[in-house]
Amino acid sequence: MGRVFRFATWTIKPDPLARASWEAECVSGESEDCGAESKALESPEAVDKWMCAHTEATGHTRFIRMATDYLLTEPPEGSLAADRTARFRKPQLEVVGGVDDAG
Ligand SMILES: [Zn+2]
């Protein structure tokens, strides 16, 4: 039995159900980082503002910035991965439709 391999492209796109966020932590300090953290904010600009305000208040100037976003992978149609994702989703769909119809 043969198997066909396709070199089709995968799609990776933002998850519309989840928002991206940015946050920063102050890593200023000699023996120990300051550790002050912004909360998760809705844009890089909001993080910029937080960092500037922190610098103004403390004189600290060194930060680590983290971005978090949610992504969805879509395997090429007909691929083994596509088959696997379909099987992965199926049980959830059956629960919604009613599993008890086993008559
Ligand atoms: Zn600080």
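**Close-up views of a predicted β-β-α-β-β-α chain**

Along its sequence, the chain runs in the order β-β-α-β-β-α. Helices (DSSP runs of H or I with at least four residues) and strands (DSSP runs of E with at least two) are numbered from the N terminus. The model is predicted: local features need pLDDT of at least 70, side-chain atom pairs count only at pLDDT 80 or more, and totals for chains, interfaces and linings use all residues. Residue numbers start from 1 in each chain, following the sequence as written.

**View 1. The whole chain, with its two helices and four strands**. The predictor's confidence in each residue is given as pLDDT, from 0 to 100. Its mean over the chain is 85, and 80% of the residues reach 70 or more. Among the elements, β2 has the highest mean pLDDT (98) and α2 the lowest (72). A residue is called buried if 20 or more other C-beta atoms lie within 10 Å of its own, exposed if there are 12 or fewer, and partly exposed in between, with C-beta atoms placed from the backbone. By that count, 9% of the 103 residues are buried. Two residues are in contact if their C-beta atoms, placed from the backbone, lie within 7 Å. Of the contacts with a separation of 6 or more, 58% join residues 24 or more positions apart.

**View 2. The largest nonpolar core**. A nonpolar core is a set of buried Ala, Val, Leu, Ile, Met, Phe, Trp, Tyr and Cys residues joined through C-beta atoms within 7 Å. The largest one here has seven residues: W22, A24, C26, V47, W50, M51 and F63. Both β2 (21–26) and α1 (44–58) supply at least two residues of this core. Beyond its neighbours within four places in sequence, A24 is in contact with S38, V47, W50, M51, F63, I64 and R65.

**View 3. Strand β2 and its two faces**. In a regular strand, side chains alternate between the two faces of the sheet. The covered face of β2 holds W22, A24 and C26, while S21, E23 and E25 are on the uncovered face. Strand β2 pairs with β3 (residues 63–68) in the antiparallel sense, over six bridges; strands count as paired if DSSP finds at least two bridges between them. One of the residues bridged to β3 is E25, whose partner there is I64.

**View 4. Helix α1 from its first C-alpha to its last**. The helix has 15 residues and reaches 21 Å, close to the 21 Å expected at 1.5 Å a residue. The expected span is 1.5 Å times one less than the number of residues. Buried in α1 are V47, W50, M51 and H54. Seen down the helix axis, these buried residues fall within an arc of 100 degrees, so they line one face of α1; the arc is that of the directions from the axis to the C-beta atoms. Among the elements that cover them are β2 and β3. On the face turned away from the buried side are the exposed residues E45, C52, A53 and E56. Just after α1, G59 has a positive phi of about 85 degrees.

**View 5. P44 in helix α1**. P44 is partly exposed because 13 other C-beta atoms lie within 10 Å. Its C-alpha is 9.4 Å from that of A24, with the two residues 20 apart in sequence.

**View 6. F63 in strand β3**. F63 is buried because 20 other C-beta atoms lie within 10 Å. Not counting residues up to four places away in sequence, F63 touches A24, E25, C26, V27 and M51. The C-alpha atoms of F63 and E37 are separated by 9.4 Å, and the residues are 26 apart along the chain.

**View 7. T68, also in strand β3**. T68 is exposed because 11 other C-beta atoms lie within 10 Å. Apart from neighbours within four places in sequence, T68 is in contact with A20 and S21. From T68 to A40, 28 residues apart along the chain, the C-alpha separation is 9.0 Å.

**View 8. G78 in the loop between β4 (71–74) and α2 (80–97)**. G78 counts as exposed because it has 11 C-beta neighbours inside 10 Å. The C-alpha atoms of G78 and A8 are separated by 9.4 Å, while the residues are 70 apart along the chain.
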